[in-house]
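Let's walk through this one together, moving from one contact surface to the next. Keep the viewer open as you read.

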Amino acid sequence: MGLALGELLQMSEAPHCHKLPGLSAGQGRICQLYQDHMLAVASGAHQALLECRHQFQHRRWNCSVLDELNVFGPVTSIPSRETAFTHALAAAGVTYAVSRACRDGHLSSCGCSRMGRPKTLKKDWIWGGCGDNLEYGYKFTQGFIDVRERERKFKKGSRRQGQSLMNLHNNEAGRRAVIKTSRVTCKCHGVSGSCSLITCWQQLSNFREIGDYIRDKYDGATEVRVTKHGRLKLRNSKFRLPTANDLVYLEESPNYCLRNVSIGSLGTQGRTCNRTSIDLDGCNLLCCGRGYNTLKSTIKERCQCKFKWCCEVECKTCIKSVELHTCK
Amino acid sequence: MPGTILENLSGRKLSILVAILLICQITCFLIGGLVAPSPAGSQSILTTVCYDDQPNLFTDDGRWFTSKCKSINLDDKHAGLNASNYVFMGKMPLYNMDFSRWHQNLVGVLQVEMEHGKETTTTDVIDLTLDVKLGYRNKEDPDDKWTYHSSSEEKRIVECSSPNKEDKYSYSCSTVQLFELGSLHHDYYLLNFRIPVDDKGTNAKVGFISDIYLIIIHMNVGFTKVWLSLKTVFFPILIMIMAWFWNRVHLLQRTPALLEYLLMVVGGTLAILDAPLEFLTLYFDIPFMLLLSDIRQGVFYAALLSFWIIFAGEHMLIQDGAHKNTLKTYWMHLSGILVGCLSLLIFDLCERGVHLHNPFYSIWVTPIGTNLALSFIILAGISAGIYFIFLCYMIWMAYRNISIKRSVLPTMSTARRLHYEGIIYRFNFLMLVTIICAAVTIISFILSQIAEGQNKWDENVELEVSSALFTGVYGMWNIYTFAMLILYAPSHKQWPTDSICGDNGEEVEFSRLPTDPSPNEISSLTTFASKASID
């Protein structure tokens with residue numbers, strides 16, 4: 001994506017496209033056409049970044065991004081699992097945000113309105129079958145995100161071409177994750193409120209659930225290679241063929257133990273770990289066997305809280321003593 | 001001159017008629033499937049949260065929060081504000097569109113999205129109290145001139161489940177109906193509501209709300225147009241067939257039989273249902289149109305159900321002496337229908353009737369209302385059960401009697417036997433048609449539920465299933481009634497006495513038996529049966 005988010009999110013009005021660094025030429029053109037969508041695109045990317053950090057808070061690679069300005073930075077230079085994840089998540093974030101923005105009526109070309117709708121959306125006869133903003137978000141994101149991969153041509157079978165194919169596949173997986181996790185809700189409104197007439201609509205799920213879904217896909221991602229004819233093929237033919245919902249990657253990830261900016265690794269030094277866990281967040285794995293420091297302290301914490309609509313949380317204060325472990 | 005057209009129609013003519021009706025039926029399905037969009041559409045509107053600096057003026061009719069209000073982000077913490085400062089706003093419809101009167105009616109549904117907080121938990125059943133008001137505006141009005149429509153303080157019960165109780169995960173909550181407008185007379189509607197809190201525990205269980213969606217459901221313009229065109233076509237055809245039928249009956253030198261009266265009633269109720277009264281809503285504000293449509297549909301189906309019971313009864317072939325063909329004979333059988341329809345009518349009046357006064361009303365929120373509504377529905381269900389037991393019993397009796405009489409057939413002369421067999425065949429044929437119609441109705445009802453519940457991502461399917469089923473079933477009952485009126489109209493053919501053979505082998509004719517006691521019977525099958533029982 002490479003949008004300058006910090007700058008963007010502070011603007012209340014639609015930003016000017018030429019001020020946005022990181023847009024490709026094609027994206028710039030779409031930006032000109034759909035200026036009002038850009039705030040949603042930016043907030044979607046930002047949400048994806050936060051979600052990425054949440055999903056990977058206990059792993060060696062904790063969605064390390066070098067600075068706020070370049071959301072998905074150098075990690076994209078190697079076609080690893082993590083790259084697959086970030087692409088899918090960014091596509092999901094934008095799909096989600098555009099769909100959501102449609103629903104508060106601020107975008108000019110959503111759903112049923114005729115102006116600038118993607119041509120592939122279903123025809124309506126005064127609002128029949130066009131109220132679905134999820135479909136709109138999907139189509140818009142397809143145009144906006146994928147154009148980046150399509151505007152450069154690489155030699156068939158080259159590494160760059162493979163990476164481009166991989167990105168396209170993972171973008172699609174991300175968009176589909178939003179649809180897959182959405183729920184269908186129905187309402188009966190026929191004679192006497194009976195179900196002789198029933199209407200259903202798609203309900204976006206919480207972005208946390210979308211993040212969980214894509215994280216599951218990350219854990220089960222498939223390794224592929226690019227053939228001479230410029231197509232993706234399974235590296236190990238014993239594995240199941242990935243569907244459009246699954247993530248694919250071309251190269252194994254580095255171990256992310258040591259700091260190496262060129263591969264997008266910050267290293268795990270100084271990270272807090274869980275001494276008792278044998279999982280990825282356990283000190284043994286997270287610190288790559290370098291050992292850890294322990295710090296004992298007492299902290300005050302809010303507990304037994306009760307929420308009162310709209311703006312109050314009544315809590316008690318608890319005092320806990322905790323041990324903090326950090327990697328050497 | 002006995003008999004109905006059904007019995008005297010040659011096989012060839014009958015098959016031509018059936019073919020024409022079948023073509024009409026298929027046309028109805030295809031019109032719905034290919035021309036019309038889906039019957040109803042929806043829009044999900046994300047409500048904007050507005051800051052209200054003078055909460056005590058909320059109920060003021062002239063004060064509205066529109067998209068120009070000062071909006072609040074629910075994720076941010078705002079010190080010093082309380083619940084009454086938060087007003088949720090939803091403008092209908094979205095974007096720069098406006099409602100057309102062809103959209104007919106509007107249902108508003110609320111969907112409250114709540115998140116788990118780091119420190120807070122909420123119970124699973126939440127009593128939600130809302131202060132709501134609804135306003136409208138027309139295109140010619142100035143931009144900010146909203147007119148008061150209705151307001152209310154409403155309670156709703158939201159049921160939530162939370163499979164994952166960690167931070168930022170959302171509850172999965174049930175949707176609640178907020179309002180229903182029977183007529184969509186104005187171009188824009190505006191909903192303002194807030195979630196008041198007081199010391200008495202109002203809304204005390206409400207959790208951290210992240211979003212509130214307002215989902216509006218309306219009829220689609222295309223569907224309404226197709227629907228009304230169908231009605232406009234059916235209505236005059238039906239009136240013509242009814243006039244022809246009644247004319248036929250009056251040509252006879254006798255008073256009309258019960259079944260003939262009943263056919264007129266069925267035709268009449270269908271005519272009421274077919275009358276395209278909805279055209280009036282394009283010019284007048286008629287909030288009771290939704291209620292009226294319910295009643296019209298109910299009355300037609302009640303007439304049809306009564307017709308079946310009496311049809312089966314008249315063909316039960318138990319004629320003990322004097323012929324009893326008045327409605328009184330069937331009071332017991334019909335009481336089930338009457339009780340069922342009355343309880344449904346009262347239920348409908350309790351919900352949609354009150355909507356005329358307060359569109360936010362719901363009978364389901366108070367325990368008394370729920371019990372009342374449930375008891376009416378259960379009563380209707382019981383009556384439906386009793387009705388079907390009666391109907392099945394009578395059809396079974398009719399078939400049993402027919403098969404008993406059939407055993408007498410071999411003793412008759414060949415031509416007469418052939419003819420009687422033909423009558424029984426055609427009676428069975430019509431019973432079969434009725435059963436098929438009922439089955440198709442039930443199946444299409446189930447199919448439309450399935451068709452709606454699925455995700456529609458397949459772009460290649462051009463057929464709109466639920467619309468096709470809707471127009472198909474509607475057309476089917478119209479065509480069914482047409483067929484009944486035509487086939488059960490008295491035949492005008494004058495029969496030569498005691499001549500057994502007709503002009504050709506196809507059109508076998510037969511005469512009324514000289515000992516026949518009742519000159520006003522509708523069907524020669526009935527005549528045959530009563531004759532046989534006298535024998």
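Between domain 1 of chain B and domain 2 of chain B, the rule picks out 10 residue pairs in polar contact, both partners at pLDDT 80 or more. That pLDDT filter is there because this is a predicted model, where side-chain atom pairs count only at pLDDT 80 or more. On the domain 1 side, helix H3 (221-251), helix H5 (289-314) and helix H6 (331-355) of chain B each bring at least two residues to the surface that touches domain 2. H3(B) gives the most to that side, with four residues. Sort the residues of this domain 1 face by class and you get 15 nonpolar, five polar and four charged.

Charge pairing does show up across this boundary: the rule finds one salt bridge between the two domains of chain B. If you'd like to see a salt bridge in chain B up close, pull up Glu180(B) and Arg352(B), whose side chains meet at 3.1 Å, N to O.

Where do the two domains sit in the sequence? Domain 1 of chain B comes in two pieces, 5-39 and 222-488, while domain 2 covers 41-219. Their C-alpha centres lie 41 Å apart. At the boundary, 24 residues of domain 1 are in contact with 28 residues of domain 2. Together the two domains of chain B bury about 2100 Å², with carbon and sulfur atoms accounting for 60% of it. Which three residues should you click on here? Leu282(B), Pro359(B) and Phe360(B) supply 34% of the area that domain 1 buries against domain 2, more than any other three residues.

Now zoom out to the pairing of the chains. Here 55 residues of chain A are in contact with 73 residues of chain B. The area buried between chain A and chain B is about 5500 Å², and carbon and sulfur atoms give 59% of that. How many salt bridges does the rule find across this interface? It finds one between chain A and chain B. For a salt bridge that joins the two chains, look at Asp211(B) and Arg100(A), whose side chains come to 2.6 Å, N to O. Polar contacts between chain A and chain B number 10 residue pairs, again with both residues at pLDDT 80 or more.

What does chain A bring to this meeting? Several elements of chain A each supply at least two residues of the side that touches chain B, including helix H4 (81-103), helix H5 (133-150), strand S1 (183-188) and strand S9 (292-308). S2(A) gives the most to that side, with six residues. By class, the chain A face has 24 nonpolar, 18 polar and 13 charged residues.

Finally, step inside chain A itself. Its secondary structure runs to eight helices and 10 strands, and buried residues make up 49% of its 328 residues. Take the contacts in chain A between residues at least 6 apart in sequence: 63% of them join residues at least 24 apart.

For a single residue to finish on, try Asn170(A), which lies in helix H6 (residues 159-181) of chain A. Is Asn170(A) buried or exposed? Asn170(A) counts as buried because its relative accessibility is 0%, and the cut-off for buried is under 20%. Setting aside neighbours within four places in sequence, Asn170(A) is in contact with Ala84(A), His87(A), Ala88(A), Asp246(A), Leu247(A) and Val248(A).

Definitions and conventions:
Residues numbered from 1 in each chain as written. Chains lettered and ligands numbered in written order. Predicted model: local features only at pLDDT ≥ 70, side-chain atom pairs only at ≥ 80, totals over all residues. Heavy atoms only, no water. Contact = heavy atoms within 4.5 Å. Buried area = accessible area lost by both parts, 1.4 Å probe. Salt bridge = Lys/Arg side-chain N within 4 Å of Asp/Glu carboxyl O. Polar contact = N/O pair within 3.5 Å; in protein donor to acceptor, adjacent residues only side chain to side chain. Nonpolar A, V, L, I, M, F, W, Y, C, P; charged D, E, K, R; others polar. Domains from an automatic or database assignment. Buried < 20%, exposed > 50% of the residue type's maximum accessible area, 1.4 Å probe, protein only.
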